[in-house]
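Visitor: I have not looked at this one before. Can you walk me through a few parts of it?

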Amino acid sequence: MSAPATLDCYESAKAFCLDTYLKEYYPDLDKSTGKAPVNRFLLDKGISGNRLIDIGAGPCVYQFISACTKFNKIIATDIDKENQDAIQRWVNEDAGAFEWKSYMKYVCELEGHQNIVDRENKLRKAITDVAYCDITKQYPVGTSDSPRYDCVLTGFCIEAVANSRQQWAQYVKNASNLLNSGGWFVQISMPADYYGVGDKRLHCFKVDEKFLLKSLKDAGLVVEKTYHTKHTTTCNYMNYEFTMVMIARKI
């Protein structure tokens, strides 16, 4: 049987199924043999400030588990209302909210922090807003007059919306426009030709490591550290070859 056709970015947005995505990509770590998608860069003591914004957070909060100990305020944004609502349900402790407790446990163990409930409460308090964003705009959130942020985080977002290298570079620049001078820019990339959700192949745009670094430089960012993980095993839901975390600062 031939593989299903990969949908374009507009079709992908319509076909995205939140519940299936969370079930397939974020299984309970206590019942899974897979590794947590929690990047050790979040434990880096050098990254800190007052306000952090995540552009394209999806329905996830795992990326904030360590960040809430380094930033006083976290703003989670996404273009999709359903993803925004998923985060808000977790913040509100609503019935039916996705359970991130095994991820809390995993990160707290990495940190040597024992009180998981305390960390959950701290994170809920730190997430001060869940809002709309559009990375294709010059200012994905707010306007040119809006207050800037001490850290912009974007992970697995640009891959899903870019259709060309020119667009990719522009979207990096757009996100960086939200930064204070000297602020941190953290980009997590997993370039691939597609990613699967259920029986659908959704849009991804694939680039190489050299281009990733160039796009940051062209946006006026200085790369300070990178984490590169090469994937040698076959993954049935995404044909990616590497994951790369880039930590940069705005000049």
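Visitor: Which residues does aspartate 78 touch, leaving out those up to four places away in sequence?
Guide: This is a predicted model. In it, aspartate 78 touches Gly56, Ala57, Gly58, Asn83, Gln84, Ala131, Tyr132 and Cys133, with residues up to four places away in sequence not counted.

Visitor: Where is aspartate 78 found?
Guide: Aspartate 78 is in strand β2.

Visitor: What is the nearest side chain of opposite charge to aspartate 78?
Guide: That is lysine 81, 11 Å away. Aspartate 78 has no salt bridge, although the residue is buried. A salt bridge needs a side-chain nitrogen of Lys or Arg within 4 Å of a carboxyl oxygen of Asp or Glu, so a lysine at 11 Å does not qualify.

Visitor: Back to the strand. Which sense do β1 and β2 pair in?
Guide: The parallel sense, over 6 bridges. As one example from this pairing, aspartate 54 has alanine 76 in β2 as its bridge partner.

Visitor: And how many strands does the open sheet have?
Guide: The open sheet has 7 strands, in the order β3-β2-β1-β4-β5-β9-β8, and the pairing is mixed. At the edges are β3 (127–132) and β8 (221–230), each of which pairs on one side only. On average, neighbouring strands are turned by 15° against each other, ignoring direction.

Visitor: Which strands does α5 touch?
Guide: Helix α5 packs on the sheet and touches β2 and β3. The direction of α5 makes about 50° with that of β3.

Visitor: Which strands does α8 lie across?
Guide: Helix α8 lies across β5 (179–189), β8 and β9 (242–250). The angle between α8 and β9 is about 15°.

Visitor: Changing topic: how many salt bridges does a search of the whole structure find?
Guide: The search finds 8. One of them joins the side chains of lysine 101 and glutamate 120, at 3.1 Å from N to O. This pair links distant parts of the chain, since lysine 101 sits in helix α4 (residues 101–111) and glutamate 120 in helix α5 (residues 116–126), 19 residues apart.

Visitor: Is glutamate 120 buried or exposed?
Guide: Glutamate 120 counts as buried because its relative accessibility is 6%, and the cut-off for buried is under 20%. Its partner lysine 101 counts as partly exposed, at 36%.

Visitor: What does glutamate 109 form a salt bridge with?
Guide: Lysine 105, with the closest N and O atoms 3.0 Å apart. The two residues are 4 apart in helix α4, so about one helical turn separates them. Glutamate 109 is exposed, at 52% relative accessible area, while lysine 105 is partly exposed, at 34%.

Visitor: What about lysine 214, which residue is its salt-bridge partner?
Guide: Aspartate 218, and here the closest N and O atoms are 2.6 Å apart. Lysine 214 and aspartate 218 are 4 residues apart in helix α8 (residues 209–218), so they too are separated by about one helical turn. Lysine 214 is partly exposed, with 47% relative accessible area.

Visitor: Last one. Where is the place of glycine 46?
Guide: Glycine 46 is in the loop between α2 (18–25) and β1 (49–55). The residue is partly exposed, with a relative accessible area of 38%.

Visitor: How far is glycine 46 from tryptophan 184, C-alpha to C-alpha, and what separates them along the chain?
Guide: Their C-alpha atoms are 9.8 Å apart, and along the chain the two are 138 residues apart.

Definitions and conventions: Residues are numbered from 1 along each chain as its sequence is written. This is a predicted model: local features need pLDDT of at least 70, side-chain atom pairs count only at pLDDT 80 or more; totals for chains, interfaces and linings use all residues. Side-chain values use heavy atoms; hydrogens and water are left out. Buried means under 20% relative accessible area, exposed over 50%, partly exposed in between (1.4 Å probe, protein chains only). Two strands pair if DSSP finds at least two bridges between them. Axes are lines fitted to C-alpha atoms, for helices over the stretch in contact, and angles run from 0 to 180 degrees between N-to-C directions. Contact means heavy atoms within 4.5 Å. Lys and Arg count as positive and Asp and Glu as negative; His and the chain ends are not counted.
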